[in-house]
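Student: Please pick one part of this structure and go through it closely. Then say what can be told about the parts that follow on from it.

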Amino acid sequence: MNDIAQGVLDGVVAAGARAIRWLDDRDPRGADLVRRIFPATGRAQIVGVTGPPGAGKSTLTDMLVTELRSRDLRVGVIAVDPSSPFTGGAILGDRVRMARHALDPGVFIRSLGTRGQAGGLSRSTHDACLVLDAMGYDIVIVETVGVGQDEIDVVNLAHTTIIVGVPGLGDEVQAVKAGLMEAGEIFVINKADRDGYQATQRQYELMLHLREQAAVARDAGWSAPLLRAVATSGEGGKAIADAIFAHRAALEARDGFARRSGLREREQTLAILRERLIARALGAQGQAVLAEAEARRIDPYTAAGKLLAQIDGKDDLA
Ligand SMILES: Nc1nc2c(ncn2[C@@H]2O[C@H](COP(=O)(O)OP(=O)(O)OP(=O)(O)O)[C@@H](O)[C@H]2O)c(=O)[nH]1
Ligand SMILES: [Mg+2]
C-alpha cells in the first residue's frame, strides 16, 4: 500500500494504474491511498472535453496532447465510457488513435467505464483526476460524451470545459443547451473542413449571445471563445491550448481555480457519503425492504424509514 501511494507521488505509471483500479473497484485501500496523496494534489488543471457522439472529441484530445507535449507539459487523459449505445467500441478506437502517445512517459491514458450506480462514474473520474494530479501531470483531460446526467456531473468536475460541436447536426446546439451550455468555457466547432461549417458557426454565435444575455454561464467572469478545428489535421490545436491557459489564468486572477477545486471536493464528499449511507442502509434486511416496496406491500416512505432505521437504529417514519 505505502509502495503504491509512494509510487503515485513519484509518478510511477504502474502505481497510478493500480491506484485508479482500487478506487474504481471501491477497494478500501483506495481510501487510504487518497489520504496519503491528497496533500500533493490541487495543481493539475482538469479540462473536460464533451460533445455529441462522434464529434471528434478523441481526435481533438489527441491533437491537444500533441500540442501540450510540444510545450513540455505532462498530460493525463481519462476517457469516460458511459457504455451508452452511442459509444460502442469507441474505447478501442481511442486506444488505436492515441497509440502514438503510448510510449511517451509524459502522457498517461486511461479509460473508465460506468459503475452502474448513479453518480458512480463521476466519483471514479474525480478519484482518477486526483491520482493523475498527484502523479504530477500538469493537465488532465477528461473526455466524455455529452449525454446523460452522469456525464454532466463529470463535466462539472472540470476547471475548464470544452464543448465540441460539428457542422450538420441539426439539433446539436439544442443538445448542448440541455445542461452543458452553462458549463462551456471554450466552444470548438470541429470538422470545420465539412460542409455547413458557416451555418453551424452562426448557430453557435447566436447561442453564445443568448447565453450572455441570460447570464447563465458557470464562469460569469469569462468570455467564452468560439474556435474552429480540423482535429484530423491538427488545425486549431494551438488556439485551443492557448484558450485553456487563458482560462486558467483568468480563474487564478480571481481565486477561481482553488475555489473550483474546492467545490469538487465538496461534491465528492457528498458522493462518498451517499454511497456509504446507501450501502449501510441496504445492509442486512435492506434488500427485503426494497422487495416489499417493489411488491407494493409497503409505501416508499415506510420503506425508506425502515432502511434509515438500519443506520440509526430507530424506525424513522418522519
Ligand atoms: N472530416 C473530419 N473528420 C474528423 C475530424 N475530427 C474527427 N474526425 C473523424 O470523426 C470520427 C469520430 O472521431 P472521434 O474522435 O472518435 O469522435 P468522438 O467524439 O471521440 O466519438 P465518441 O467518443 O464515440 O463519441 C473519426 O472517424 C474521426 O477520424 C475533422 O476535423 N474532420
Ligand atoms: Mg471518443
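Tutor: A polar contact here is a pair of N or O atoms within 3.5 Å; within protein, one atom must be able to donate a hydrogen and the other to accept it, and residues adjacent in sequence count only if both atoms are side-chain atoms. The model is predicted, with local features needing pLDDT of at least 70, side-chain atom pairs counting only at pLDDT 80 or more, and totals for chains, interfaces and linings using all residues. Residues are numbered from 1 along each chain as written, chains are lettered from A and ligands numbered from 1 in the order of writing, and side-chain values use heavy atoms, without hydrogens or water.

Thr41 gives an example of such a contact: its side chain reaches the backbone oxygen of Phe38 at 2.7 Å. Thr41 sits in the loop between α3 and β1 (45-51), where helices (H or I, at least four residues) and strands (E, at least two) are DSSP runs numbered from the N terminus. Thr41 counts as buried at 16% relative accessibility. Buried means under 20% relative accessible area, exposed over 50%, and partly exposed in between, with a 1.4 Å probe and protein chains only.

The part to look at closely is the site of the two ligands. Ser58 (OG) and Glu143 (OE) coordinate the magnesium ion, ligand 2, at 2.1 to 2.3 Å. Ser58 belongs to helix α4 (residues 57-70) and Glu143 to strand β4 (residues 139-145), so this pair ties together parts that are 85 residues apart in sequence. Donors are N, O and S atoms within 2.8 Å of the metal (3.2 Å for Na, K and Ca), and since water is not among the atoms, the site may look incomplete. Both residues that coordinate the ion are buried: Ser58 has 8% relative accessibility, and Glu143 has 9%.

Ser58 also belongs to the surroundings of ligand 1. There, 17 residues surround the ligand, and the closest are Gly56, Lys57, Ser58, Thr59 and Asp193; a residue is counted if one of its heavy atoms lies within 4 Å. The shell is made of six nonpolar, six polar and five charged residues. In this scheme Ala, Val, Leu, Ile, Met, Phe, Trp, Tyr, Cys and Pro are nonpolar, Asp, Glu, Lys and Arg are charged, and the others, Gly among them, are polar. Helix α4 supplies the largest share of the shell, three residues.

Oxygen atoms of ligand 1 take part in several pairings with the protein. One lies 2.6 Å from an N or O atom in the side chain of Lys57. Another pairing, at 3.0 Å, involves a polar backbone atom of Gly54. At Ala231, a backbone N or O atom is 3.0 Å from a ligand oxygen. Of the 650 Å² of accessible area that ligand 1 has on its own, the protein covers 77%; such areas come from the Shrake-Rupley method with a 1.4 Å probe, and for residues only the protein chains shown count as cover. Two or more shell residues come from each of α4, α5 (90-97) and β4.

The loop between β1 and α4 holds Pro52. Pro52 is buried, at 11% relative accessible area, and its C-alpha atom is 8.5 Å from that of Val166, although the two are 114 residues apart along the chain.

After the end of α4, the loop between α4 and β2 (75-81) contains Asp72. Asp72 is not a glycine, yet has a positive phi of about 70°. Most residues other than glycine have a negative phi. Asp72 is exposed, with a relative accessible area of 68%. Arg26 likewise has a positive phi, of about 60°, without being a glycine; its place is the loop between α2 (13-24) and α3 (28-37). Arg26 is partly exposed at 23% relative accessibility.

Helix α3 itself has two sides. Gly30, Leu33, Val34 and Ile37 are its buried residues. Seen down the axis of α3, they fall within an arc of 100°, so they line one face of the helix; the arc is that of the directions from the helix axis to the C-beta atoms. On the other side of α3, Pro28 and Arg35 are exposed.
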